[in-house]
Amino acid sequence: GTAETPIVPLLIGDMEKTLLFWRALFDGGVFTNPVLSPAVPPDSTLIRTSYMAIHTDAELDQILEVSGKAGKALGII
């Protein structure tokens, strides 16, 4: 979307992939929140990420690296 907010949802859509992606992020040192049904429709599951000005470039690079690796492994990206 076009909103400017520190909360960035990563739309997955599949509950199993959402949980596997969340676990891969967690194991990679990235804390996020999975959002599953009934909070969202069953086909609209997502990972909720949030960012702050105190995140360093190295931390953001880690998030991108871990997310990219997990997303490719699960066929999300």
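Guide: Contact here means heavy atoms within 4.5 Å. The model under discussion is predicted.

Visitor: Which residues does Thr49 touch, not counting residues up to four places away in sequence?

Guide: Thr49 lies in strand S3. Leaving out residues up to four places away in sequence, the residues that Thr49 touches are Pro6, Ile7, Val8, Leu10 and Thr32.

Visitor: Does Thr49 count as buried or exposed?

Guide: The cut-off for buried is under 20% relative accessible area. Thr49 has 5% relative accessibility, so Thr49 counts as buried.

Visitor: What lies 2.5 Å from a polar atom of the side chain of Thr49?

Guide: The side chain of Thr49 makes a polar contact at 3.1 Å with the side chain of Tyr51. The partner at 2.5 Å is a backbone atom, the oxygen of Val8.

Visitor: In what order do the three strands of the open sheet stand?

Guide: The edge strands are S1 (7-11) and S2 (33-35), each of which pairs on one side only. The twist from one strand to the next averages 30°. Pairing in the sheet is antiparallel, and the order is S1-S3-S2.

Visitor: Which residue stands opposite Asn33?

Guide: S2 pairs with strand S3 (residues 46-50) in the antiparallel sense, over three bridges. Opposite Asn33, in S3, stands Arg48.

Visitor: At about what angle to S3 does helix H1 run?

Guide: Helix H1 covers residues 15-27 and lies across S1, S2 and S3. Relative to S3, helix H1 runs at about 30°.

Visitor: Against what do the buried residues of H2 pack?

Guide: The buried residues of H2 are Ile63, Val66, Ser67, Gly68, Ala70 and Gly71. These buried residues pack against H1.

Visitor: How far apart are the end C-alpha atoms of helix H2?

Guide: Helix H2 has 17 residues (57-73), so at 1.5 Å a residue it should span 24 Å. After H2 comes Gly75, with a positive phi near 75°. The separation of the end C-alpha atoms of H2 agrees with the expected span: 24 Å.

Visitor: Why does Gln62 count as partly exposed?

Guide: Gln62 is found in helix H2. Partly exposed is the class between under 20% and over 50% relative accessible area. Gln62 counts as partly exposed because its relative accessibility is 33%.

Visitor: How far is Gln62 from Val30 in space, C-alpha to C-alpha?

Guide: Not counting residues up to four places away in sequence, Gln62 touches Gly28 and Gly29. Gln62 and Val30 are 32 residues apart in sequence, and their C-alpha to C-alpha distance is 8.1 Å.

Terms used:
Residues are numbered from 1 along each chain as its sequence is written. This is a predicted model: local features need pLDDT of at least 70, side-chain atom pairs count only at pLDDT 80 or more; totals for chains, interfaces and linings use all residues. Side-chain values use heavy atoms; hydrogens and water are left out. Two strands pair if DSSP finds at least two bridges between them. Helices (H or I, at least four residues) and strands (E, at least two) are DSSP runs, numbered from the N terminus. Axes are lines fitted to C-alpha atoms, for helices over the stretch in contact, and angles run from 0 to 180 degrees between N-to-C directions. The expected span of a helix is 1.5 Å times one less than its number of residues. Buried means under 20% relative accessible area, exposed over 50%, partly exposed in between (1.4 Å probe, protein chains only). A polar contact is a pair of N or O atoms within 3.5 Å; within protein, one must be able to donate a hydrogen and the other to accept it, and residues adjacent in sequence count only if both atoms are side-chain atoms.
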